[in-house]
Amino acid sequence: MSKARLIAYYLPQFHPIAENDEWWGKGFTEWTNVGKAKPLFRGHDQPKVPADLGYYDLRIPEVREAQAKMAKEYGIEGFCYWHYWFGNGKQLLERPFKEVLESGKPDFGFCLAWANIKWGGLAYGDLYERVLMEQLYPGKEDYINHFNELLPAFLDDRYLRIDNKPIFVVYNPTGLPNSKEFIDLWNELAVKNGLEGIYFVAYQHFDFPYKEKGFQALTPPSPSHNFMRVKYNFFEKAIKKLTGYKWIQFKYNSFKLKNIYTHKQLVEASNYDDVSKEIKFFPSCSPNWDHTPRSGNKGQVIVETNPELFYQNLNNCYNRIKDYKNEEKIIFIKAWNEWAEGNYLEPDLKNGSENLEKVKRFQEESN
């Protein structure tokens, strides 16, 4: 048995769609941003170049099979596919998962994370130069249609479960007009359709009142930007520019890029010692992070990344969940293939399969 249930977020953006053709130019995929990325400061590791799997197209079944085979070989239990439902039946990027579901291949675990947030001209930061797609919540009828759209997935034997309930992550629970009403409705529909309910997970930080909102657990984003700021705010005040991200900015001559941290800081922030044991959460772990291919100087970057630090991060996360029952010993890895955010497990030309080897080492060690 594996040491923990490792679930990696999976981005379905690697194939062209009509909307992206219109917004960004003919043939646009996530690879477009990845390929045109440039270093923004001294020592900035860009562009990222895929190795074993190359610049793939997710419309090709053999690609999806190869991804699953690789993930399973190294100890990943399943993919958590980002799911885009904007209301009134509007979906985007649904083709890869739909084909996985309908074909029955690959024979590999999966769950879904609803990315319920509007799409803007800037993919990161506080500003939206233009709104490309609004996130709407038309009401009960749309909630029912949404559930029915996903019911075949929930009933699939490959769907990852806790207490025999399909795991469903909600990226922006605060965006729902009434999350408890939504969750109660879906649980009622689940029972009517032969399920025991849905296991809802809020993609939020530790101060989110997830129980009051109807969720069973939460999972904090990784790298936990706000959490890290809290951790290092003391050092910034005490020693000012000699430590924390100010020092890192100075070291890398990257003052135009404000959100820059070291991998070591990320690992130190993941010990969760000061998070109440009363909070049920599934930690997030990231092997790397660099959002600049999408958002330039507004991006967040982790520098001095190292597979050994990723391994330490995994162990820190495990220390939080080791006393959970086996079904809830879950660590979310962000991500399997979010290349334009610089967080991915797939092999690249710099580290090859080293991060995957760390996953395998972690899983093979005794509890």
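Strands here are DSSP runs of at least two residues, numbered from the N terminus. Keep in mind that this is a predicted model.

**Exercise 1. Find where Asp163 and Asn164 sit, and work out what their backbone and exposure look like.**

Solution. Start with the location: Asp163 is in the loop between strand E7 (161-162) and strand E8 (165-170), and Asn164 is in the loop between E7 and E8 too. Next, look at the backbone. Asp163 is not a glycine, yet its phi is positive, at about 55 degrees. Asn164 has a positive phi as well, near 65 degrees. For background, most residues other than glycine have a negative phi. Last, check exposure. Partly exposed covers the range between 20% and 50% relative accessible area. Asp163 has 32%, so it counts as partly exposed; Asn164 has 42%, so it is partly exposed too.

**Exercise 2. Track down the cis peptide bonds at Pro106 and Ala335.**

Solution. Take Pro106 to begin with: a cis bond joins Lys105 to it, with omega about 0 degrees. Pro106 belongs to the loop between H4 and strand E4 (109-114). Now go to Ala335, which is joined to Lys334 by a cis bond with omega about 15 degrees. Ala335 is in the loop between strand E14 (330-333) and strand E15 (337-338). As a reminder, most peptide bonds are trans.

**Exercise 3. Is Asn316 buried or exposed, and what does it touch?**

Solution. Place the residue: Asn316 is part of helix H11 (residues 307-321). Then apply the cut-off, where buried means under 20% relative accessible area. Asn316 comes in at 18%, so it counts as buried. Finally, skip neighbours within four places in sequence, and Asn316 contacts Val267, Ser270 and Asn271.

**Exercise 4. Describe the surroundings of strand E13.**

Solution. Sort the side chains by face. In a regular strand they alternate between the two faces of the sheet. In E13 (residues 300-303), Gln300 and Ile302 are on one side, Val301 and Val303 are on the other, and all are buried. Now find the partner: strand E11 (residues 259-262) pairs with E13 in the parallel sense over 4 bridges. Within that pairing, Ile260 stands opposite Val301.

**Exercise 5. Characterise the second largest pocket.**

Solution. Its space is about 210 Å³. The lining has 15 residues, and Gln91, Glu94, Phe97, Lys98 and Glu149 lie nearest the centre. Two or more lining residues come from each of strand E2 (78-85), strand E3 (91-92), helix H4 (95-103) and helix H5 (140-155). H4 gives the largest share, 4 residues. By type, the lining splits into 9 nonpolar, 2 polar and 4 charged residues.

Technical notes
Residues are numbered from 1 along each chain as its sequence is written. This is a predicted model: local features need pLDDT of at least 70, side-chain atom pairs count only at pLDDT 80 or more; totals for chains, interfaces and linings use all residues. Side-chain values use heavy atoms; hydrogens and water are left out. On a 1 Å grid over the protein atoms alone, a cavity is a set of points where a 1.4 Å probe fits but cannot get out, and a pocket is an open set with protein on both sides within 12 Å along at least five of seven lines; lining residues have an atom within 4 Å of a point. Grid points are joined across faces, edges and corners, and a volume is the space filled by probe spheres set on the points. Ala, Val, Leu, Ile, Met, Phe, Trp, Tyr, Cys and Pro count as nonpolar, Asp, Glu, Lys and Arg as charged, and the others, Gly among them, as polar. Buried means under 20% relative accessible area, exposed over 50%, partly exposed in between (1.4 Å probe, protein chains only). Two strands pair if DSSP finds at least two bridges between them. Contact means heavy atoms within 4.5 Å.
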